[in-house]
Amino acid sequence: ASKSLIETVRAGETVYLGWVGNPDPLVAETIARAGFGAINLDMQHGLHDPVSVMRAIGSVSAAGVPVIVRVPVGDFAMASRALDMGAQAVIAPMVNTVADARAFADAMKYPPIGKRSWGPTRAMMLTGDASAAAYLQRANGETLSLAMIETREALDNLEAILDVDGIDGIFVGPSDLSLTLSNGQVVDGDAAFLDEPIRHILKVTQAKGKVPAIFTVSGVRARAMADLGYRIIAVGLDALYLREGVRRMLEPTLDR
Ligand code: 3PY
Ligand code: MG
């Protein structure tokens, strides 16, 4: 089997993450096989639902690629379900307070760290754990909870959020961060005024020994974030892959 997400992250390697909102399992599999180190299934702004997540985890796992699920805002019950279905990590959007972070960690981790309820039927098919004890023994350490920092409030609470036991890393949402820091004036994930917070979040996350992750919309930006020190880096999304692919295909046919 290929390396799990946690193994790759522990090895200090960078994971480039494909982002998929289309709920058809073949779309996720095709994008996974095109070269990404992991695939995120988006239930917040994408069209994924619990059943499509279950199916896409199957098709992407068949390609030997780890799956992350981004749940809808505040839907921590879905975070547990995503793990039960075999997701190796969950991204929770809009984690703004310690209470948000605590609720997220509770859904992600078994006691004594959290309050995750038992039922990893599909997860155990994928890990190959033959007993409940075997899965229990490693689940808390091997499933990643990534809390999205994407508002001014979250930025103010960053250290306290990172200190919550059971939060494994931070996932920066540059679009929402630009929206909230500019008080609704700008949506631009590449805006220059994000440079300072993006470096600050990275430094604080590294200092706490947790995983720094971020969203980007280009390979150039993704590479720059990797060089800065981010370790899980989303590169664009499926709608963009389709549109850019079509444009590149049609480019030679255009009259100049
Ligand atoms: C953001 O940039 O706000 C995100 O949530 C990335 O998907
Ligand atoms: Mg966002």
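**Strand β6, its neighbours and the ligand 1 shell**

Phe171 stands opposite Ala213 of strand β7, a convenient place to enter this predicted model. The pairing belongs to a parallel arrangement in which β6 and β7 (residues 211-216) are joined by four bridges. On the other pairing described here, β6 meets strand β5 (residues 144-149), again in the parallel sense and again through four bridges. Within that pairing, Leu146 has Gly169 as its bridge partner in β6.

How are the two faces of β6 (residues 169-172) covered? Gly169 and Phe171 are buried on one side, and Ile170 and Val172 are buried on the other. In general, side chains of a regular strand alternate between the two faces of the sheet. For β6, both faces are thus seen to be covered.

We can turn next to ligand 1. Which residues surround this ligand? The shell is made up of Pro93, Glu150, Gly173, Pro174, Ser175, Asp176, Gly189 and Phe215. Helix α10 (residues 174-181) supplies three of these residues, the largest share of the shell. By character, the shell around ligand 1 comprises three nonpolar, three polar and two charged residues. Phe215, one of the residues around ligand 1, falls within the range of strand β7, residues 211-216.

Finally, the wider setting comes from the record. An unreviewed UniProt entry assigns residues 19-239 to the feature "domain: HpcH/HpaI aldolase/citrate lyase". Across residues 19-239, helix accounts for 47% of the chain and strand for 16%. The C-alpha atoms at the two ends of this stretch lie 9 Å apart.

Methods: Residues are numbered from 1 along each chain as its sequence is written. Chains are lettered from A and ligands numbered from 1 in the order in which they are written. This is a predicted model: local features need pLDDT of at least 70, side-chain atom pairs count only at pLDDT 80 or more; totals for chains, interfaces and linings use all residues. UniProt positions are given in the numbering used here, feature names are shortened, and annotations may be inferred rather than shown by experiment. A residue is near a molecule or strand if its C-beta atom, placed from the backbone, lies within 6 Å of it. Ala, Val, Leu, Ile, Met, Phe, Trp, Tyr, Cys and Pro count as nonpolar, Asp, Glu, Lys and Arg as charged, and the others, Gly among them, as polar. A residue is buried if 20 or more other C-beta atoms lie within 10 Å of its own, exposed if 12 or fewer, and partly exposed in between; C-beta atoms are placed from the backbone. Two strands pair if DSSP finds at least two bridges between them.
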